[in-house]
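Here is a friendly walk through one protein model, with a few helices, some empty spaces and a handful of unusual backbone spots. Have a look at the structure, then read on.

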Amino acid sequence: MTRYDAANLRSTLTTLFAENGASPEVAETTARILVEGDLLGHHTHGVKLANGYLKDLKAGHACGDHERLEIHQNSPVAALFDGHYLLGPYLVQRALDHCREAASAFGIGMVSLKRSHHIACLAAYLQPLVEANLIPLILTSDPAVASVAPYGGLDRVYTPNPLAIGIPGREQPLLIDVSMSTITNGTVGKTRAAGDKLDHPAILTGHGEVSDDPEDYFASPEGSILPLGELAFGHKGFALGLMVEALTSALSGFGRKDSPEGWGASVMVMVIDPARFGGTEAFLDETDHVAKRCLASRPRDPDKPVRMPGQSGMARRQDALANGISLPTDVIDAMRDAVADSSLAGTTPFG
């Protein structure tokens with residue numbers, strides 16, 4: 001499989017975004033976050049997204065001008081960002097920087113972000129803050145999309161509503177990125193495009209039956225993605241999904257009630273500094289202790305020992321930085337489409 005250099009990918013994407021109206025800081029930040037998603041192995045939420053972002057920039061459904069961002073500082077630790085559909089990676093990074101500054105002075109910073117464009121891979125934002133012994137937390141929903149039905153219902157209401165959190169540790173920092181649904185919208189689309197079945201029955205058909213066929217999601221009556229916990233314990237995933245809805249759209253004052261259209265996100269970002277609470281060293285002592293206990297736990301399958309959240313992603317990242325990123329065929333095709341309409345046509349590995 002062909003491997004692609006991360007720095008070259010970042011440079012290519014930065015040029016593509018800049019040629020389509022993104023200011024330098026927006027173009028560079030968005031390119032960096034997309035490539036970071038692929039470094040961690042999250043190919044559905046990495047470079048593949050670039051073509052869609054570029055199409056939205058061209059159509060005016062996304063914004064690339066960083067000056068459009070409105071920041072309403074409501075207290076030393078709380079702020080509301082109105083993104084006006086700026087590219088999401090730039091907005092989330094600005095929100096994290098804002099929260100980090102507040103956390104350095106007050107122990108915590110929090111931003112509620114409304115009217116963001118798509119924000120890519122949540123895990124891609126975590127590592128720099130974790131390495132500084134800070135705790136970043138990101139929650140997001142898309143008020144223009146409905147793909148998950150409430151537990152006990154058949155009609156789609158909300159999105160997979162992921163959350164990500166970075167937990168510092170001396171030996172094994174944790175990068176957690178999980179949805180409040182069994183699978184993501186991207187997984188459904190990717191599996192359908194490949195003509196495959198899902199790894200397990202994660203779809204609820206419009207008739208109330210579980211299915212591993214992504215076509216049932218698009219059937220009539222339409223299906224939905226099961227909440228985390230599926231039919232047996234889906235009430236828990238449903239409750240967590242509603243929590244994310246409240247802390248993203250409701251907290252920002254803009255959501256499903258406003259009937260937005262197009263690719264977008266409501267986001268909540270928080271940064272916590274353990275030094276302002278029980279102390280950084282005490283925090284690391286505890287997280288290291290728990291991580292060691294987990295890793296020492298007797299494996300149910302000897303060939304599959306306990307793996308901490310983010311452990312495999314960080315290993316993939318290290319390998320990809322050293323040897324290049326292995327991109328799936330659909331990601332390569334998306335990049336070829338993006339490059340074909342740019343000044344880079346014929347000058348990159350993508351044509």
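## Asn51 and its neighbours

Is Asn51 buried or exposed? The model is a predicted one, and in it Asn51 has a relative accessible area of 13%. Buried means under 20%, so Asn51 is buried.

Asn51 is part of helix 3, which runs over residues 50-59. Leaving aside residues up to four places away in sequence, Asn51 touches Ala334, Asp337 and Ala338. Two of these contacts, Ala334 and Ala338, are listed among the buried residues of helix 11, so that helix is a good next stop.

## Helix 11

Helix 11 covers residues 329-340. With 1.5 Å for each residue, its 12 residues should span 16 Å, and the end C-alpha atoms are indeed 16 Å apart, so expectation and model agree.

The buried residues here are Val331, Ile332, Ala334, Met335, Ala338 and Val339. Around the axis they cover an arc of only 160°, so they sit on the same side of helix 11. The background is simple: an α-helix has 3.6 residues a turn, so residues three or four places apart point the same way. On the other side of helix 11, Thr329 and Ala340 are exposed. The cover over the buried residues includes strand 1, helix 1 (6-19) and helix 3.

## Helix 10

Helix 10 takes in residues 311-323. Its 13 residues should span 18 Å at 1.5 Å a residue, and the distance between its end C-alpha atoms, 18 Å, agrees with that.

Which residues of helix 10 are buried? They are Gly313, Arg317 and Ala320. Looking down the axis of helix 10, these buried residues fall within an arc of 70°, so they line one face of the helix. Gln318 and Ala322 are exposed on the other side. Among the elements that cover the buried residues of helix 10 are strand 1 (3-4), helix 2 (24-39), helix 5 (127-131) and strand 12 (325-326). Just after helix 10 comes Gly324, with a positive phi near 100°.

## Two pockets

The largest pocket has a volume of about 1200 Å³. It is lined by 41 residues, and the closest to its centre are Thr44, His45, Thr184, Asn185 and Gly186. Two or more lining residues come from each of helix 3, strand 5 (135-141), strand 7 (174-178), helix 6 (185-194), helix 7 (215-218) and helix 11. Helix 6 provides the largest share, 7 residues. By class, this lining has 15 nonpolar, 20 polar and 6 charged residues.

The second largest pocket has a volume of about 400 Å³. Of its 16 lining residues, His42, Arg307, Gly310, Ser312 and Arg316 are the closest to the centre. Strand 7 and helix 10 each supply at least two residues of this lining, and helix 10 gives the most, with 5 residues. The classes here are 8 nonpolar, 5 polar and 3 charged residues.

## One enclosed cavity

How many cavities of 30 Å³ or more does a search of the whole structure find? The search finds 1. About 40 Å³ of space lies in the largest cavity.

The lining of the largest cavity is made up of Tyr85, Arg115, Asp142, Pro143, Ala144, Phe254, Pro260, Gly262, Gly264, Ala265 and Ser266. By class, these residues divide into 6 nonpolar, 3 polar and 2 charged.

## Backbone spots worth a look

Most residues other than glycine have a negative phi, and most peptide bonds are trans. Against that background, a few places stand out. Ser220 and Pro221 are joined by a cis peptide bond, with omega about 0°. Pro221 is in the loop between helix 7 and strand 10 (224-225).

Asn161 is not a glycine, yet its phi is positive, about 50°. Asn161 lies in the loop between strand 5 and strand 6 (163-167), and at 1% relative accessibility Asn161 counts as buried. Ser259 also has a positive phi, near 50°. Ser259 is found in the loop between helix 8 (230-252) and strand 11 (265-272). With a relative accessibility of 56%, Ser259 counts as exposed.

Definitions and conventions: Residues are numbered from 1 along each chain as its sequence is written. This is a predicted model: local features need pLDDT of at least 70, side-chain atom pairs count only at pLDDT 80 or more; totals for chains, interfaces and linings use all residues. Side-chain values use heavy atoms; hydrogens and water are left out. Helices (H or I, at least four residues) and strands (E, at least two) are DSSP runs, numbered from the N terminus. The expected span of a helix is 1.5 Å times one less than its number of residues. Buried means under 20% relative accessible area, exposed over 50%, partly exposed in between (1.4 Å probe, protein chains only). The arc is that of the directions from the helix axis to the C-beta atoms. Contact means heavy atoms within 4.5 Å. On a 1 Å grid over the protein atoms alone, a cavity is a set of points where a 1.4 Å probe fits but cannot get out, and a pocket is an open set with protein on both sides within 12 Å along at least five of seven lines; lining residues have an atom within 4 Å of a point. Grid points are joined across faces, edges and corners, and a volume is the space filled by probe spheres set on the points. Ala, Val, Leu, Ile, Met, Phe, Trp, Tyr, Cys and Pro count as nonpolar, Asp, Glu, Lys and Arg as charged, and the others, Gly among them, as polar.
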